[in-house]
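User: Could you take a close look at the aromatic rings in this one? I'd like to know which rings pair up and how they sit.

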Amino acid sequence: MNKLLSALFVWLVVGPAVLAQPATGRLPRIAIAGLGIESSTFSPAVTHEEAFHARYGPEVFNAYPFLMPMAPLRRQAAWVPTVMGKSLPGGAVTRQAYESLVTKTLDSLRKYAPYDGLFLDIHGAMSVQGLDDPEGDFITRIRQVIGYQTLISTSMDLHGNVSWRLAQNTDLMTCYRMAPHEDAMQTKERAVVNLLRRIQSGLGKPAYKALITVPILLPGEKTSTRIEPGRSLYAQVAPLADGQPGVVDAGIWIGYAWADEPRNHAAVMVTGDDKAKVSQTAETLARQFWDVRKQFAFVAPTAPLAECLDKALKSNKHPFFISDMGDNPTAGGAGDVTWTLTQILNQPAFKDPNGPSLIYASIPDPELVKKAIAAGVGGQVTGKAGANVDARFAPPVPLNGIVRAIEYGDRDAEVEVVVQVGSVRVIVTQKRKPYHKEKDFTRLGLNPRQADIVVVKIGYLEPELYAMQADWLMALTPGGVDQDLFRLPYKRIQRPMYPFDADMPTPDLSAKLVPVSGSTK
């Protein structure tokens with residue numbers, strides 16, 4: 001039976017591509033694999049294997065519209081999808097979860113080898129308990145299975161980290177050029193196109209990879225490409241990377257600010273065949289990045305929570321959005337810090353059901369969800385919510401209100417309930433979930449466009465919410481992804497580092513040439 005299933009898998013994956021082969025030669029065999037998460041080491045939360053919602057075999061294709069059955073790229077190779085796992089940002093991954101997912105990936109790669117190429121889809125900011133540089137470890141172990149003849153093209157989030165080991169073991173590397181990441185799928189497609197071109201042309205591995213460590217560590221909320229200097233800085237990447245002969249790709253990595261490892265810092269990397277152009281391009285981008293370091297500022301006005309609420313209550317602009325940034329689950333926060341919700345519910349303005357309408361998204365608590373289900377829509381529920389994982393800043397928050405909605409089946413939250421307390425509608429979830437699309441609210445019977453105030457556990461607003469807001473403030477709240485980096489207990493990042501060492505001398509921003517993968521030099 002196992003042999004039959006294996007044969008069926010190979011046919012489903014490889015068969016259609018083989019049929020499309022030109023008579024003059026075979027299609028390249030390209031594997032697909034990846035693990036991605038952004039993990040805060042300043043949060044007490046931990047991430048388990050199920051959080052990755054891993055896809056196996058042919059279901060991996062569902063993550064990539066450009067590789068669906070009728071897509072042109074699908075026909076250009078014999079694709080071998082193995083394991084793809086992507087988790088919501090969170091706490092450090094348990095070593096057991098990491099080893100399990102890596103082992104499954106390596107077993108699958110080993111089973112269907114050999115390959116001409118591998119599309120490696122990672123984030124770059126994974127933290128694993130007891131292990132530094134997980135992505136560097138992951139790609140090194142992949143190389144031990146597939147060898148160094150296989151070209152690896154790596155796609156990353158610009159908030160990932162580029163270690164020397166990761167750079168050395170990959171051949172082609174690219175990252176997003178927009179924050180928010182509206183170009184995420186374009187970047188993954190570019191990584192695949194780069195890989196196919198190098199294989200089909202016979203050019204193989206680029207001869208040069210220039211890596212420059214840029215000693216800057218800033219949160220994404222200060223480096224958005226919506227505003228300057230991020231907008232202009234990133235606008236230079238495409239012309240230098242895509243329009244310059246001798247250069248295959250270029251990237252600027254902001255890095256991930258909420259993990260304490262030596263690899264956490266900004267970086268520039270350029271790949272190509274022209275040594276001078278590759279090095280010069282990397283140095284140009286690195287110098288320009290360093291030169292504008294003091295210009296980075298929050299993408300929206302910031303204030304303490306009390307000031308944000310006061311301005312929102314006095315404003316005639318609705319909906320007025322407030323970002324509860326310190327516990328943002330899209331950046332690695334536990335998602336269950338109750339400090340902000342406690343302050344809101346203590347506000348006299350929200351005690352009356354007819355007071356200013358406020359939607360709070362969200363707080364996870366399985367026990368409160370059970371009580372709400374038992375009470376039913378329209379019923380009264382009494383209990384406490386949140387602070388099951390991160391109670392450092394406030395205890396579980398008492399909720400005594402009316403159940404307004406119960407919904408099942410969300411991929412992340414699993415079960416969602418809406419509890420009205422005074423004029424506040426609190427979204428309580430079975431598991432943590434960021435709310436960044438309009439349908440996240442409307443499926444619960446909530447209309448954020450008509451609310452006076454919407455408070456979301458998020459940093460910069462994702463595109464749909466950004467387009468919806470009439471006004472917006474980012475609240476400087478506590479949590480595992482505190483925006484005030486000076487309050488976090490860094491011990492292992494490389495120093496000096498801007499902004500911690502604001503008056504540090506100009507660092508060495510010369511290009512360091514990374515050896516070609518598999519080279520003994």
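Analyst: Here's a walk through the ring pairs, followed by the charges over rings. Bear in mind that this is a predicted model, where local features need pLDDT of at least 70, side-chain atom pairs count only at pLDDT 80 or more, and totals for chains, interfaces and linings use all residues. Residues are numbered from 1 along each chain as its sequence is written, and side-chain values use heavy atoms, with hydrogens and water left out.

The count comes to nine aromatic pairs (rings of Phe, Tyr and Trp, the last by its six-membered ring, with centres within 6.5 Å; planes under 30 degrees apart are stacked, over 60 edge-to-face, the rest tilted). One of them joins Y64 and F119, edge-to-face at 5.4 Å centre to centre with 65° between the planes. Y64 sits in the loop between β4 (55-56) and β5 (78-86) and F119 in strand β7 (residues 117-121), so this pair ties together parts 55 residues apart in sequence (strands are DSSP runs of E, at least two residues, numbered from the N terminus). Y64 counts as buried at 1% relative accessibility, and F119 is buried too, at 0% (buried is under 20% relative accessible area, with a 1.4 Å probe and protein chains only).

F289 and F296 are also edge-to-face, because their centres lie 6.0 Å apart and their planes meet at 75°; both F289 and F296 are buried. Elsewhere, ring pairs link F42, F486, Y490 and F500 into a cluster.

As for charges, R74 lies over the face of F61, 3.6 Å from the ring centre, while the charged end of K433 sits over the ring of Y435, 4.6 Å from its centre (NZ of Lys or CZ of Arg within 6 Å of the ring centre and within 35 degrees of the ring normal).

Terms used
Helix = DSSP H or I, 4+ residues; strand = E, 2+ residues; numbered from the N terminus. Buried < 20%, exposed > 50% of the residue type's maximum accessible area, 1.4 Å probe, protein only.
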